[in-house]
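Me: Take one part of this model and look at it closely: the cavities. Which parts of the chain surround them, and what else is built from those parts?

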Amino acid sequence: MNSKILQQIKSKPSGTAGFVFINNTQLPDWALQKYGPELGKFQGKPFTLYDIDHPAARKLMHLLLAQTVPLMKNKNYSQLGYMLSNEPRWINYKDGNRKVWYSDSVSHYTLDKFRGWLAKKHGTIQVLNRVWGTQFEDFKEVSIDNPIDIAQQGQPQWYDWRIFNQERVVDWFAFMKTEIKNKDPKAKVHLKIMPSFFTDNTPISGIDLEALTEMSDISGNDVAAMYSDLRGKGSSWEKRYAFDWRELFMSYDFMKSVSPDHIIFNTESHLLSSAHSRDLYMNPAYARAVFWAAHTLGLNASQIWYWPRREDGSIKKHYDSNGYAGSNNQQPAVTHEVQATMMDLNTYSEIITDMQQQRKPLRIFYYGTSAAQRSGYMDDLFDAYESLNFEGIPLGFVTQNILNGQKAEGWDVVLIYKMERVTQLELKALQKYIEKGGVVLADQESLRYDEYGRKIQDLAWFSGLRRVNSLVRMKEIAMELLKEKRQLPPVSVREVNPLGVKTCTWKVVGMPGGGQAVSIINLGKSASTITLEGSAIKSCTNLLNGKPMAVTQQLQPFQVLFVQLD
């Protein structure tokens, strides 16, 4: 260890609440000399610049953490835990039609580990050959494209490689967590996960959002929203919505479904701007809408990303290639609105927390199996999510692990939409849930093939599933079931706008002193006239200014309405 760095850590004051950032981007020269350049050749670009499967990697990480963690435990600056990695990714695929950013090949250590993984999964080489359509003599002979070609997506080799690539990454971070806990048992760990890998059909990233969220003590992320799209391709969301909310809403609802008791910490918030989304003349109302939405969904703490500049506005050294204009350090009105929004959120923190912790009666089944094998899977999943996001029903997800590990009393209905592929273990988890009285609605396309694309021949043992013919009908039945179970909100929001579709998302919770608190955000690109309806409404009060108001209001794009109904 560098004695100068150790001395700096020893003398560092406890300070205020913060977290420890393990950035994984520097390998000491002595390590490369001792273990060879191969240690740094195969990487998780761009922020993990060494081979996590090289035997020396664990030796070095053990040395680093064993000497530093004891010096940092019980300090204020480590209260929010240890961030194990910055935007982790191990992208390993190629595409003949476009450049794949940060894709890298893997070492023989990784390939040897993969062969061992295949042997454990398939048992014999004969079974592997039948599944893959190959003729290997033994597992030592097994080879695969490195990086793998996207043309193989949907094939058995692709599926096995993607799942293995995710599992080796989880195993690496679990090792890091154990090393930290050995020296600081009270420590909390998290990762700056990019949820876009979950929401945007990324083919192979190495990131399993569910497994990494489960492994962590804090749900870390750098979730983004898009006020504008500077790529010039014309995004589908722009036809209906004022901003792109897909990644924010789906990923936070997913994280809260996987680990309901975790706090959510956005360690690099791109809710205001990103490389592809920024606007110097941003409407400050957007800042309120997006931060209000994030916190009602589950966000607890965040650090806002901005593009650094000097005091006179000139670009900082080393930022000449991306010191973009349109960041909130150049937007005083936007920054003021963020501050004002946070003050309002903190004023009503108990109510906001209740919204974060609402029971999620309606769950969408997420199949990592289908996500691995079909490029448009998450688009279809979003269609189902979007159709339900404007009904005042807290939405969530279930997976095989959630069905097996959480109490089914946490939800009432599970929806399965356009999920053709499923493993036997996933089917068994669903069957077990149904046998306990659970309701599962599925469209006609779902649950027809196994993870390798083979038609499932025998489903006689799988019973109780309710098939529907359309997403519209699925939604109708789900809402009817929730009504029967008295899980619909005590009030409703009727909406009219020129688009002819609902764009106002809303939540309702009971207030400590009686009455209902209602949060409404207009995500749409046009104004909407909303009417709050309920048999017992006698008065309506704006909670942000304390003034009485009518139950019918016009909400402009980005407008937030937060009211008390008595």
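Reply: Cavity first, as a term: on a 1 Å grid over the protein atoms alone, it is a set of points where a 1.4 Å probe fits but cannot get out. Points are joined across faces, edges and corners, and the volume is the space filled by probe spheres set on them. The model is predicted, so local features need pLDDT of at least 70 and side-chain atom pairs pLDDT 80 or more, while totals for chains, interfaces and linings use all residues. Numbering starts from 1 along each chain as its sequence is written, and side-chain values use heavy atoms, without hydrogens or water.

By this rule there are 5 cavities of 30 Å³ or more. The largest has a volume of about 150 Å³. Its lining (residues with an atom within 4 Å of a point) counts 17 residues. Nearest its centre lie Phe249, Asn389, Thr505, Trp506 and Lys507. By type, the lining holds 10 nonpolar, 5 polar and 2 charged residues. Here Pro counts as nonpolar and Gly as polar; Asp, Glu, Lys and Arg are the charged ones.

Which elements supply the lining? Helix 10 (246-258), helix 11, helix 15 (377-388), strand 15 (504-510) and strand 16 (516-522) each give at least two residues. Helices (H or I, at least four residues) and strands (E, at least two) are DSSP runs, numbered from the N terminus.

Helix 11 (residues 284-297) also has a second role: it gives 9 residues to the largest nonpolar core, the most of any element. Such a core joins buried Ala, Val, Leu, Ile, Met, Phe, Trp, Tyr and Cys residues through side-chain atoms within 4.5 Å. Buried means under 20% relative accessible area, exposed over 50%, partly exposed in between (1.4 Å probe, protein chains only). This core has 126 residues. Phe173, Leu248 and Ile416 make the most contacts inside it. Leu248 touches Val223, Ala224, Leu271, Val290, Ala293, Ala294 and Leu297, leaving out residues up to four places away in sequence. Contact means heavy atoms within 4.5 Å. A second core is separate, with 25 residues including Leu111, Trp132, Phe139 and Ile148.

Now the strands. Strand 9 (residues 362-365) is covered on both faces. Leu362 and Ile364 are buried on one side, Arg363 and Phe365 on the other. Two strands pair if DSSP finds at least two bridges between them. Strand 9 runs parallel to strand 10 (residues 395-398) over 4 bridges, with Arg363 opposite Gly396. Strand 9 is also parallel to strand 11 (residues 413-416), over 3 bridges. There Leu362 faces Val413.

Elsewhere, an open sheet of 3 strands follows the order 1-2-5, with parallel pairing. Strand 1 (20-21) and strand 5 (189-192) stand at its edges, each with a single partner strand, so one side of each lacks a neighbour in the sheet. Strand 1 meets strand 2 (residues 82-86) over 2 bridges, and Phe21 has Met83 as its bridge partner.

Antiparallel pairing occurs too. Strand 14 (residues 492-496) and strand 17 (residues 528-533) share 5 bridges; Ser492 stands opposite Glu533. Strand 17 joins strand 19 (residues 552-555) through 4 bridges, again antiparallel. In that pair, Thr531 stands opposite Thr552.

Key: On a 1 Å grid over the protein atoms alone, a cavity is a set of points where a 1.4 Å probe fits but cannot get out, and a pocket is an open set with protein on both sides within 12 Å along at least five of seven lines; lining residues have an atom within 4 Å of a point.
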